[in-house]
Amino acid sequence: MSDITFRNDLKVAKFPAPVGSKRKIVFDYYMKMATIPWKAPHDFCNTWAPGTEKDYGVKLDYIGGKTYYGVVYANTMADFDQFADHIDENGVFHCDSYYYTEIVGNHCSSSMLLAYQQLIPVGWGTLRPSEARKGLFSLPKNLTSPGPWTWVSKDLFDLNGEEAIYEAYATLEYADILFFAKHGSGHVRMVSDVDVKRDENGKIDPENSYVITVENCSAWYTEDKNSTWHIDKRYSFARLFRTLFMPITVDTFHDNTPIADAFIFYDGNNTAETVKNGISGIVEATFPLNYVMVTIKDENGKIVKRMNVRKLGEVYKVDLAEESKDKQLFDLPKGNYEYTLRAGIARGVCEFEHFNFTV
């Protein structure tokens with residue numbers, strides 16, 4: 001939780017640039033998301049809501065009381081702190097809805113982007129090294145790009161050929177990327193290690209050379225069915241080539257560009273008296289906002305109202321008055337309540353307001 005300071009009429013939360021190896025910063029955060037423990041509140045199925053189905057299946061059955069590991073597989077782009085905010089003091093995860101497009105969690109690409117946001121303000125979008133991602137993601141130096149804009153894995157593989165792709169896999173290091181792209185969808189993995197075997201002539205042996213990865217998937221990792229995060233999964237170079245996974249690296253890993261401090265600013269001043277007429281204030285950040293959340297608890301500590309502005313992607317500013325105008329947050333029976341306003345970026349969360357009020 002970041003400390004709050006004041007700058008004129010603004011409340012300012014500073015998230016200092018992390019110190020150390022850029023790759024380690026990214027990978028450690030990714031593994032933190034992959035291993036967080038939590039308990040299911042009751043039996044539920046994480047699947048597509050009726051009418052929202054896409055071209056890939058999601059059907060994960062959870063058992064109430066069982067312990068699971070890793071941020072839930074979901075299409076809601078939630079970082080570690082947002083997910084942790086939904087785990088109570090007994091380690092039980094609670095959410096307003098458990099459908100894949102609504103439950104608080106992340107999937108393969110959003111989890112990767114959140115990890116890279118520990119270093120750079122990269123927003124929602126592709127990990128493809130295209131003109132739109134210039135300065136962020138690159139192909140290994142020995143590969144030729146199919147073009148500046150939209151292309152898919154097969155285009156890259158057809159252009160460069162098998163041996164060049166194998167040599168590119170060999171250049172990968174931990175926290176780099178394997179990305180399968182087809183028109184409309186794909187899948188992405190984070191590299192944790194590379195094990196290269198060559199013959200006596202120095203040629204790569206693709207069946208016995210491996211990239212070791214971590215990935216958040218729509219399938220259970222083991223028969224225990226307690227995590228969708230596949231940790232230390234080994235893929236041979238030959239298999240990766242057959243399944244069209246492109247090798248990609250992150251530009252900031254290869255230069256001396258310093259990591260910037262990140263900030264969240266807030267200009268609101270809601271109080272126990274003013275909230276009865278609604279809330280106001282602007283939350284703004286220098287890195288993509290991951291969520292802005294208002295919670296209202298009753299005197300027993302139960303959440304009775306929640307406004308979670310999320311699935312934000314590349315949003316840097318949130319207007320509380322606009323977001324809350326139709327939510328009826330303060331349409332409450334008589335009683336004593338506790339109000340909290342939190343905002344988070346991938347690097348951390350801050351609490352801007354926290355007070356009790358009476359209806």
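How do the residues of the lining of the second largest cavity divide into nonpolar, polar and charged? They divide into 9 nonpolar, 4 polar and no charged. The views below come from a predicted model.

**View 1. The second largest cavity.** About 40 Å³ of space lies in this cavity. It is lined by 13 residues, and those closest to its centre are Trp38, Tyr62, Tyr69, Gly70 and Thr228.

**View 2. The largest cavity.** The search of the whole structure finds 2 cavities of 30 Å³ or more, and the largest has a volume of about 100 Å³. Its lining includes Met77, Trp124, Pro288 and Leu312. Helix 3 and strand 15 (289–298) each supply at least two lining residues. Helix 3 gives the most, with 3 residues. The lining is made up of 7 nonpolar residues, 5 polar residues and no charged ones.

**View 3. The open sheet.** The sheet has 6 strands in the order 7-12-8-9-10-11, with antiparallel pairing. Strand 7 (137–138) and strand 11 (229–236) are the edge strands; each has a single partner strand, so one side of each has no neighbour in the sheet.

**View 4. Strands 9 and 10.** Strand 9 (residues 185–195) and strand 10 (residues 210–216) run antiparallel and are joined by 5 bridges. Valine 194 has valine 211, in strand 10, as its bridge partner.

**View 5. Two helices on the sheet.** Helix 1 (residues 22–35) packs on the sheet and touches strands 9, 10, 11 and 12. The direction of helix 1 makes about 120 degrees with that of strand 11. Helix 3 (residues 108–116) lies across strands 7, 8, 9, 10, 11 and 12, and runs at about 55 degrees to strand 9.

Note on methods: Residues numbered from 1 in each chain as written. Predicted model: local features only at pLDDT ≥ 70, side-chain atom pairs only at ≥ 80, totals over all residues. Heavy atoms only, no water. Pairing = 2+ DSSP bridges. Helix = DSSP H or I, 4+ residues; strand = E, 2+ residues; numbered from the N terminus. Contact = heavy atoms within 4.5 Å. Axes fitted to C-alpha atoms, helices over the stretch in contact; angles between N-to-C directions. 1 Å grid on protein atoms, 1.4 Å probe; cavity = no way out; pocket = protein on both sides within 12 Å on 5 of 7 lines; lining within 4 Å. Points joined across faces, edges and corners; volume = space filled by probe spheres on them. Nonpolar A, V, L, I, M, F, W, Y, C, P; charged D, E, K, R; others polar.
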